[in-house]
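Me: I would be grateful for a close look at the enclosed empty space inside this protein. Please also explain what surrounds it and how it compares with the open space elsewhere.

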Amino acid sequence: MSMEAKRVVVTGLGVVTALGNDVKTTWDNLLHGKSGAGPITHFDASQFKTHFACEVKGLDPSNVMEQKEVRKHDRYSHLAMVAADEAMHDAGVKVENENALRCGVIMGSGMGGVHALDANIGEFAAGDGTPRFSPFFIPMAIPNISAGLLAIRYGFRGINFATVSACASSSHAIATAYNYIRFGMADVMLTGGSEAAIEFAGIGGFNAVRALSTRNDDPEHASRPFSASRDGFVLGEGAGCLVLEEYSHAIARGAHIYAEIVGAGMTSDAYHIVASDPEGRGAAEAMALAVQEAGLSTKDIEYINTHGTSTPIGDVAEAKAIQQVFGDHAYDMNLTSSKSMTGHLLGGTGAVEAVVSILSIVNQMVTPTINHAEGDDDPAIDSRLNFTFNEAQPREIHYALSNNFGFGGHNACLLFAKI
């Protein structure tokens, strides 16, 4: 095994979000500041404090899976399969027996098969006490099964596992896949994450910890990151997938290259199970490590796709962290929160936001942070920071940072470069 660091590039992209079931539709709606939020249709949410979410609409997983296979798997796996299908077609990777061991899959999910858990446990609780669980219950529910399904589908016989670190799960998956290629243990990695937690347990659980917005009369304007009137995040669902390749491998087959991954920073707050370090220490350290690994100066970074969840504590902590790392240069950068439109995809959010960061480099455009009203500035957040409120902005971007932070104090930051 060679320990010489190799270059890692992105050659395939795929997403499924509340804004669209493919990359182009999602990107176009992000540029136009469209919200994916609306009333929950997956179940009757009228008894919950929150009645809305960012649901994926019109998805037909049978377009990429046989119908009998669709019935055997949870929605979070369906989302992963659709996003991966787009990414793999985009990359045009061909796997032969001789290179299958050099191709792997790492996927992230914070919660796994929430629908399967709700349905099976709910049916048991409502019954006569006789255990009647689906024989597919366990593989539907466990958060690693999407990685296994994708390896089976594409014949990737190398590294294969899942990362589970709450809202940092898919950023950790991408960072780990990047490192496997960088240190010579793989040539191609399919990576990303998915989540489908808009279920009884998901809405009820996040309501219980007061994490969700309860702006039921105005769902489209409920997610308002970095604004004073924010009252919690909007739960989303979806998936993002990237095909990563060793640079010379991609060049040899004439692949289209979107961007290069040049750094990844991973730290822990070691502070609290659900609250961010209020001073943003762990987040700052993760960003600094990503920039350091890339051999760059903090002044080289033009854009950050923030974690930006629209929670009272988290947004302030992230703003403080950015200022700690970038100093006065923080005022010269564009900052944005995709979650203001897609909602918070939990374990899938990092992958979707990695795709958004890459497309921002490709198109030299920064998508907006929507729902900020005049006079709604938070006095705890420096008003000189440019959160790209309400309107997309053209920007010369050579380096883009994507931040994700999860319950448990998990921090993961990915740094992408124009190529």
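Reply: A cavity is a set of grid points where a 1.4 Å probe fits but cannot get out. Rolling a probe the size of a water molecule over the atoms shows where empty space is left. The model examined here is predicted. How many cavities of 30 Å³ or more does the count give? The count comes to one.

The largest cavity has a volume of about 30 Å³. Its lining consists of Val15, Val23, Thr26, Trp27, Leu30, Val352, Val355, Val356 and Leu359. Two elements, H1 and H13, each give two or more residues to this lining. By class, eight of the lining residues are nonpolar and one is polar, while none is charged.

The same two helices also appear in the account of the largest nonpolar core. This core has 40 residues, and those touching the most other members are Val10, Leu13, Ile174, Leu242, Leu244, Ile358 and Phe416. Two or more core residues come from each of strand E1 (8-16), helix H1 (23-31), helix H7 (169-182), strand E7 (238-246), strand E8 (259-268), helix H13 (349-363) and strand E14 (410-417). Helix H13 gives the largest share, eight residues. In soluble globular proteins, nonpolar side chains tend to be buried together.

Leu244 illustrates the packing within this core. Leaving aside residues up to four places away in sequence, Leu244 touches Val8, Val9, Val10, Ile174, Ala177, Tyr178, Ile181, Asp187, Val188, Met189, Thr191 and Ile261. Apart from this core lies another, of 33 residues, including Leu59, Met65, Val70 and Ala87.

The open space may now be set beside the cavity. The largest pocket holds about 550 Å³ of space. Its lining has 32 residues, of which Val274, Ser276, Thr311, Gly314 and Phe407 lie nearest the centre of the pocket. This lining divides into twelve nonpolar, 14 polar and six charged residues, whereas the lining of the largest cavity has no charged residues. H10, H11 and E13 each supply at least two residues of the pocket lining, and H11 gives the most, with six.

Helix H10 deserves a final remark. Gly282, Ala283, Ala284, Ala286, Met287, Ala290 and Val291 are buried in H10, and the buried residues of H10 pack against E8, strand E9 (303-305), helix H11 (312-326), strand E13 (399-406) and E14. Just after H10, Gly295 takes a positive phi of about 70°.

How values were computed: Residues numbered from 1 in each chain as written. Predicted model: local features only at pLDDT ≥ 70, side-chain atom pairs only at ≥ 80, totals over all residues. Heavy atoms only, no water. Core = buried A, V, L, I, M, F, W, Y, C linked by side-chain atoms within 4.5 Å. Buried < 20%, exposed > 50% of the residue type's maximum accessible area, 1.4 Å probe, protein only. Helix = DSSP H or I, 4+ residues; strand = E, 2+ residues; numbered from the N terminus. Contact = heavy atoms within 4.5 Å. 1 Å grid on protein atoms, 1.4 Å probe; cavity = no way out; pocket = protein on both sides within 12 Å on 5 of 7 lines; lining within 4 Å. Points joined across faces, edges and corners; volume = space filled by probe spheres on them. Nonpolar A, V, L, I, M, F, W, Y, C, P; charged D, E, K, R; others polar.
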